[in-house]
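Please open the structure in your viewer and keep the selection tool at hand. The tour proceeds by stops, each with something to select.

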Amino acid sequence: MVKTGHTGGEAAIRPVQFNPPSAEVGDIEVVTLDTMRTRSQDRPTEFLRPQRLDFDMVIRIDAGTAVHTVDFTDHELRPGDVLWVRAGQVHEWGQIADIDGPVVLFTPHVVDERTSKLVTAVGTSISNHWPATTVEGSPVSDVWALLLSSSQQGVAADRTALRDAVLAHAVAALLTELAVVRPADATAGPSATHEAYVWFRDEIDRRFSEWHRVNSYADRLGYSPRTLNRLARAHTGLSAKQLIDNRVVLEAKRLLSHGDSPVAEVAEQLGFDDPSNFSAFFRRRTGVTPGGFRGVSPGRAVGAPDRS
């Protein structure tokens, strides 16, 4: 299913790689939470520490309740709820022994580019959690049934590619249906997502620890800072600079809350040449110092991004 491990300097966040039990599984695996727990019986701390996945994970809760934390937001999971943890996010399981249900694990590239763009176009901030009342009566349950039946059906060796194709289409359908029935409080973007905005957003994810200025992204993408600012406001209501700063703040919170590296080291990892500049930056945007934030229990957001 998955392979875990950690390196020095990030001991508190466990990186988890997609590692199916056999080559026949391919890039999509459908299991249950009970199976995941059984596989990890020889690793008692498997679900106790924060994890950063390099794959996507969608869970349907069939029984039990638990609180699952994704990037400092607590989600109270109940029967019928769906949770989507995306690659790169830091999440904490909570009481995984108290819940059960199916899980689909897949590498991001299995979803075709067109579907990914359509899902993104529905809202600028895709939800992690869909309560049962949101998905009830929607085709989401039908897609889950297709995923479960297709993954359990044995096929001849020369038909595995066809089975994998069915699973890939089912995963794409699941994400699409979740986007269609997104929670009412999800951030709605414009009717269509501009391609340049997608490039800008993706470039922020790649470069946020190196580039803190809008001009750097404008030069890279071949657009003016004014154009990036206009696109950012049209899609999110925030300025281009605020989007960059928010991504830096999110990573800072992850490193401060889940690790024990000195603040100066965190500042260096995030591209600040002076720890005092990082501390001032962090305090302006969260209302607390890096040290003050570190003293707060993980899973509780502190402060709000500066929107000035």
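Begin by selecting P15 together with R52 in β4, its bridge partner. The model on display is a predicted one. Extend the selection to strand β2, residues 14–18, and to strand β4, residues 51–53. The two strands run parallel and are joined by three bridges. Now display the side chains of β2: R14, V16 and F18 lie on its covered face, while P15 and Q17 lie on the uncovered one.

**The open sheet**

Next, select β3, β10, β5, β8 and β12, in that order; these five strands form an open sheet with antiparallel pairing. Which strands stand at the edges? They are β3 (28–32) and β12 (129–130); each has a single partner strand, so one side of each is left without a neighbour in the sheet. To inspect one pairing, select strand β8, residues 82–85, which pairs with β12 in the antiparallel sense over two bridges. Within this pairing, V82 has W130 of β12 as its bridge partner.

Keep the sheet visible and add helix α4, residues 140–152, which packs on it. The helix touches β3, β5 (56–60), β8 and β10 (102–106). Relative to the direction of β5, that of α4 makes an angle of about 110 degrees.

**Two polar contacts**

Select R39, which lies in helix α1, residues 33–39. Is R39 buried, partly exposed or exposed? Its relative accessibility is 32%, so R39 counts as partly exposed. Add E29 to the view: the side chains of R39 and E29 make a polar contact at 2.8 Å.

Then move to T69 in strand β6, residues 66–70. T69 is buried because its relative accessible area, 8%, falls under the 20% limit. Its side chain makes a polar contact with the side chain of D74, at 2.7 Å.

**The nonpolar cores**

For the last stop, select F200, L228, L270 and F278, which touch the most other members of the largest nonpolar core, a set of 30 residues. Two or more residues of this core come from each of α6 (195–207), α7 (214–221), α8 (225–236), α9 (240–258), α10 (263–269) and α11 (275–286). The largest share, eight residues, is supplied by α9. Centre the view on F200 and display its contacts beyond four places in sequence: Y217, L221, L228, A232, A240, L243 and I244. Finally, select V110, V119, L174 and A179, which are among the 24 residues of a second, separate core.

Technical notes
Residues numbered from 1 in each chain as written. Predicted model: local features only at pLDDT ≥ 70, side-chain atom pairs only at ≥ 80, totals over all residues. Heavy atoms only, no water. Buried < 20%, exposed > 50% of the residue type's maximum accessible area, 1.4 Å probe, protein only. Helix = DSSP H or I, 4+ residues; strand = E, 2+ residues; numbered from the N terminus. Pairing = 2+ DSSP bridges. Polar contact = N/O pair within 3.5 Å; in protein donor to acceptor, adjacent residues only side chain to side chain. Core = buried A, V, L, I, M, F, W, Y, C linked by side-chain atoms within 4.5 Å. Contact = heavy atoms within 4.5 Å. Axes fitted to C-alpha atoms, helices over the stretch in contact; angles between N-to-C directions.
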